[in-house]
Structures are given as structure tokens and as C-alpha cells.
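The following exercises practise the reading of a protein model. Each task is followed by a solution that proceeds step by step.

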Amino acid sequence: MNYQHNFNPTISDDDVFGEIVKEKEFIGYYNLAFADTSSYKEYASTVKQKNIVVIGIGGSTLGTYAIYKFLKHSKRLSKKLYFLETTDPIDIKSKIENIDLNDTLFIVISKSGTTVETVAIFKYINSLIKCDKNNTLVITESDSKLNAYAKANDIKSFEIPKDVGGRFSVFSAVGLLPLAIVGIDIDKLLNGTKDVHDSFFNQGEVYSRILKKARFFVENKSCFNINVVFSYSSRLEGFNKWYIQLWGESLGKIDINGVKQGLTPMGIIGPVDQHSFLQLIVEGRRDKTLTVIKVDHFDNNLKIPQIKLEGLGELDYLDNIEFSSLINKQADATIESINNLEDIPCDVMTIESVSERSIASLMYEYELLTSVCAKLMYIDAYNQPGVEAGKIILKQKLQNAKK
């Protein structure tokens with residue numbers, strides 16, 4: 001009997017881990033945890049401008065924004081960080097109107113160096129102020145056209161390694177340099193990534209939970225194909241956006257047998273969305289997993305004051321409760337209500353504090369989770385042919401419009 005098949009066999013945890021270890025030799029993001037930050041800190045110490053404007057899109061901005069959004073209200077930062085990442089003219093104009101361009105460093109970030117949105121915005125900035133070596137910095141691949149532009153104009157540039165994809169680049173110069181400039185401790189960020197890296201590659205606690213979680217997601221994706229991250233802190237709004245790009249662009253792929261795969265990401269914020277989207281989770285179709293992210297210590301003791309409000313006396317039990325305690329009790333109530341239903345897959349991630357180490361640990365763990373899911377799905381996590389096709393069409397349309 002002759003027998004042929006194209007079945008994807010169930011791959012063991014040991015085999016997945018072996019594949020990740022091999023991949024670590026040529027996929028660069030794994031090793032960014034051990035990056036040398038000295039050149040970033042040295043450059044950051046020379047920046048005199050008070051406003052830092054990052055011009056980029058997608059992987060060039062989302063990770064940096066996630067960390068900045070999480071930390072900016074708990075740190076005494078020396079500078080303000082802004083992001084120009086959309087071609088929406090109203091957004092561009094409104095942001096520019098509130099920035100002193102004469103006291104601004106522009107950081108132009110594009111891995112390819114020819115990102116349409118980034119170059120378009122940079123052209124507009126050049127029409128408002130002269131961009132030169134005194135107020136402009138470039139972060140790109142070493143052989144890109146953007147880097148050639150920087151060299152021709154004597155503008156300082158930092159390299160994005162070729163083996164690091166844009167959506168995995170936050171712990172490279174893409175994220176570390178702007179964050180260092182505004183005063184965030186990038187060594188503490190990398191300490192967080194090292195914690196997760198070492199626990200995973202030494203097959204410790206992080207390894208166990210990532211493999212268990214990834215296997216559940218992949219093996220149950222035919223029924224639970226929507227993965228909802230429910231973050232109980234508005235500071236995690238940026239993380240949610242970053243996660244959506246990471247998950248969508250990495251896992252929406254065609255596998256080795258030509259079968260379309262994907263896990264659909266959603267990011268919502270508690271307690272706001274527990275008054276809306278939670279209804280869909282609880283009584284809607286059972287096609288969603290739920291990951292609740294809590295912050296253990298907000299480093300903020302803001303309390304509900306003991307004030308009498310006529311007609312609302314029955315709510316006086318709120319008096320003197322810290323808002324940080326209230327939001328975590330809201331999260332706990334949501335978790336308990338979900339678990340009581342017994343048919344919605346739910347896990348809870350509690351990060352220790354509003355700190356560099358905490359947010360970096362969370363983000364690096366999600367990068368590893370993405371890579372492991374891709375191995376179990378027999379797809380390439382690091383390409384994006386669906387996105388590239390749209391870029392080609394856009395370029396053709398813009399060129400044709402000029403004819």
C-alpha cells in the first residue's frame with residue numbers, strides 16, 4: 001500500500017521548544033533582551049529639545065506608545081513624546097498646532113525606509129521647519145533609502161536589525177531610543193525582558209504557561225477563534241493596540257498546506273467596557289477566550305472622599321475606598337462572574353506595578369506567546385504578505401494619479 005498525506009501532526013511541547021531554540025539563531029527579537037543600551041543613553045544625554053516627535057506607523061510606533069502610555073503619569077519625565085502615525089489631516093494638524101516645532105527633535109522611523117505614510121508626514125514637517133542634523137534623527141535598516149538620505153544630510157541614524165521585524169522591534173532602537181530620550185529607564189525595561197527570556201528558555205514558569213496557553217488557543221481555534229484582552233487599567237490602552245497588531249499581523253496566515261489560519265485579537269479596557277462589551281462575552285456566542293490583565297499596585301492612593309450626597313446615601317459604602325482597590329475589585333467581580341458560567345475560557349495576568357520592568361515583561365511574554373502559537377499553527381509569524389499586497393496597490397494608485 002502506498003500512502004500519502006498532508007495532515008499537520010500535533011507537535012509536542014518539546015518539539016515546539018526545539019523549533020523556537022533553532023529560530024533564536026536567525027530571528028533577532030529573542031535576543032534584544034540583552035541589547036547594549038550604551039549608545040542609546042549616550043545619544044539621549046545630548047538631546048536638548050523638550051518635545052520629541054516620532055514619525056512612523058505600525059511597528060515603528062505602537063510598542064513605544066504602549067510603554068510611554070503605561071508609564072508617563074507615574075514618572076517625572078524630562079520631555080514630552082508625541083506620535084505622528086496617521087495620514088488623517090485633522091490629526092496631523094491638531095497635533096502640530098500644539099507643539100513648538102523650534103524646540104522639537106523629530107525621530108523618523110521606518111524599517112524599509114520607504115513607508116508611504118512616514119515619508120508623507122516627514123515631507124509635510126519639512127514644509128514647516130528645516131529638518132537637519134540639529135533636529136532630526138533616523139532609525140531604519142542600514143541599507144535603506146532613508147538611511148542614504150540621512151547620510152547625505154549628515155543626520156544621525158540608528159539601525160534596525162534586518163532579522164527583527166517591525167512589530168517585534170520595540171526593544172531595539174525603535175523603542176528604546178525615544179524612551180531613553182524622554183527619561184524612561186531602558187535598562188529596567190530590558191531587565192523585565194530578561195526575566196521572561198530566562199524563565200522561558202530555562203523551561204521555567206513562563207515556559208509552562210506560554211505552552212499551555214498557546215496550545216489551548218490553537219487546538220480550540222475552530223470554536224474559540226476570538227481572543228479578547230480585557231485590561232483593567234486605562235494605562236494599558238497602548239498595550240492593547242500593540243497586541244492587536246502583533247497578534248493579527250503574525251497569526252493571520254496561510255499554513256504549510258494552504259489552509260487559512262488566524263486568531264482574531266480584541267483589546268478592551270475595564271471598567272469602561274464591562275458596561276458594554278462584557279454583555280457580548282457573557283450572553284453572546286461562545287467563540288471568545290478572555291485574558292484579564294490586572295495591575296497589582298498602581299502606586300497611587302487616590303481615595304473616594306467621605307461626602308454625603310442627598311439621595312445617594314445607600315452608596316456610602318464607597319467612602320474612603322482607594323480607586324486602585326475599586327478597579328481591582330471590579331476586575332475580580334468580572335472574573336468571578338465569568339468563571340461561574342463555566343463555559344468561557346479565561347485566564348488572569350496580574351502585573352506587579354506601574355513600572356518599566358512590569359510592562360516590558362508583559363510585552364516580551366506576548367511576543368513569545370505569538371511565536372509559539374505560530375509554530376503550533378505551522379505558519380510563519382514574521383512575514384506579512386497580505387499587508388505587502390496592499391502597499392503595492394497603494395503605490396500604483398499614487399503613481400497613476402500623477403500621470
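The structure is a predicted model.

**Exercise 1. Classify Lys397 as buried or exposed, and state how far its C-alpha atom lies from that of His297.**

Solution.
Step 1. Lys397 has a relative accessible area of 56%.
Step 2. A residue counts as exposed over 50%, so Lys397 is exposed.
Step 3. Lys397 belongs to helix α14.
Step 4. Between the C-alpha atoms of Lys397 and His297 there are 51 Å, and along the chain the two residues are 100 residues apart.

**Exercise 2. Describe the largest nonpolar core and the surroundings of Phe239.**

Solution.
Step 1. The largest nonpolar core holds 102 residues. Phe171, Phe200, Phe239, Tyr366 and Cys373 are the members that touch the most other members.
Step 2. Helix α13, residues 356-377, contributes the most to this core, namely 13 residues.
Step 3. Now consider Phe239. When residues up to four places away in sequence are not counted, Phe239 touches Ala66, Val229, Ser231, Ile293, Leu362, Met363 and Tyr366.
Step 4. Another core, of 18 residues, lies apart from the largest one; among its members are Leu84, Leu101, Ala150 and Ile155.

**Exercise 3. Identify the residues of the nonpolar patch on the surface and examine Tyr317.**

Solution.
Step 1. The patch is formed by Ile307, Leu309, Leu312, Leu315 and Tyr317. Together these residues have about 500 Å² of accessible area.
Step 2. Tyr317 is located in the loop between β8 (288-297) and α12 (323-341).
Step 3. The relative accessible area of Tyr317 is 57%. The limit for an exposed residue is over 50%, and therefore Tyr317 is exposed.

**Exercise 4. Examine the loop between β7 and α11 by way of Pro271 and Gln274.**

Solution.
Step 1. Pro271 is in the loop between β7 and α11. The peptide bond that leads from Gly270 to Pro271 is cis, and its omega is near 5°.
Step 2. For comparison, most peptide bonds are trans.
Step 3. Gln274 is also placed between β7 (264-269) and α11 (277-283). Its side chain and that of Tyr232 are joined by a polar contact of 2.5 Å.
Step 4. If neighbours within four places in sequence are left aside, the contacts of Gln274 are Phe230, Tyr232, Ile269, Gln330 and Thr334.

**Exercise 5. Determine the sign of phi at Gln203 and at Tyr378, and locate both residues.**

Solution.
Step 1. Most residues other than glycine have a negative phi.
Step 2. At Gln203, phi is near 55°, a positive value. Gln203 lies in the loop between α8 (186-201) and α9 (205-219).
Step 3. The relative accessibility of Gln203 is 39%, so this residue counts as partly exposed.
Step 4. At Tyr378, phi is positive as well, at about 60°. Tyr378 is in the loop between α13 and α14 (385-401).

**Exercise 6. Which parts of the chain do the salt bridges of Lys95, Lys111 and Asp332 join?**

Solution.
Step 1. The count of salt bridges comes to 23.
Step 2. Lys95 forms a salt bridge with Asp91, with 3.4 Å from N to O. Both residues are in helix α4 (residues 89-97), four residues apart, which is about one turn of the helix. Lys95 is partly exposed at 27% relative accessible area, and Asp91 is partly exposed at 22%.
Step 3. Lys111 and Glu141 also form a salt bridge, and their closest N and O atoms are 2.7 Å apart. Lys111 lies in the loop between β3 (104-110) and α5 (116-128), and Glu141 in the loop between β4 (136-140) and α6 (145-152), so this pair ties together parts 30 residues apart in sequence. Both Lys111 and Glu141 are buried.
Step 4. Lys111 and Glu141 belong to a network of salt bridges that also includes Asp143 and Lys162.
Step 5. The side chains of Asp332 and Lys294 meet in a salt bridge of 2.6 Å, N to O. Asp332 is in helix α12 and Lys294 in strand β8, so the pair ties together parts 38 residues apart in sequence.
Step 6. Asp332 is partly exposed, at 36% relative accessible area. Lys294 has 12% relative accessibility and therefore counts as buried.

Definitions and conventions:
Residues are numbered from 1 along each chain as its sequence is written. This is a predicted model: local features need pLDDT of at least 70, side-chain atom pairs count only at pLDDT 80 or more; totals for chains, interfaces and linings use all residues. Side-chain values use heavy atoms; hydrogens and water are left out. A nonpolar core is a set of buried Ala, Val, Leu, Ile, Met, Phe, Trp, Tyr and Cys residues joined through side-chain atoms within 4.5 Å. Buried means under 20% relative accessible area, exposed over 50%, partly exposed in between (1.4 Å probe, protein chains only). Helices (H or I, at least four residues) and strands (E, at least two) are DSSP runs, numbered from the N terminus. Contact means heavy atoms within 4.5 Å. Patches are made of residues with over 30% relative accessible area and no salt bridge: like charges are joined within 9 Å, nonpolar side chains (Val, Leu, Ile, Met, Phe, Trp, Tyr) within 5 Å. Accessible areas come from the Shrake-Rupley method with a 1.4 Å probe; for residues, only the protein chains shown count as cover. A salt bridge is a side-chain nitrogen of Lys or Arg within 4 Å of a carboxyl oxygen of Asp or Glu. A polar contact is a pair of N or O atoms within 3.5 Å; within protein, one must be able to donate a hydrogen and the other to accept it, and residues adjacent in sequence count only if both atoms are side-chain atoms.
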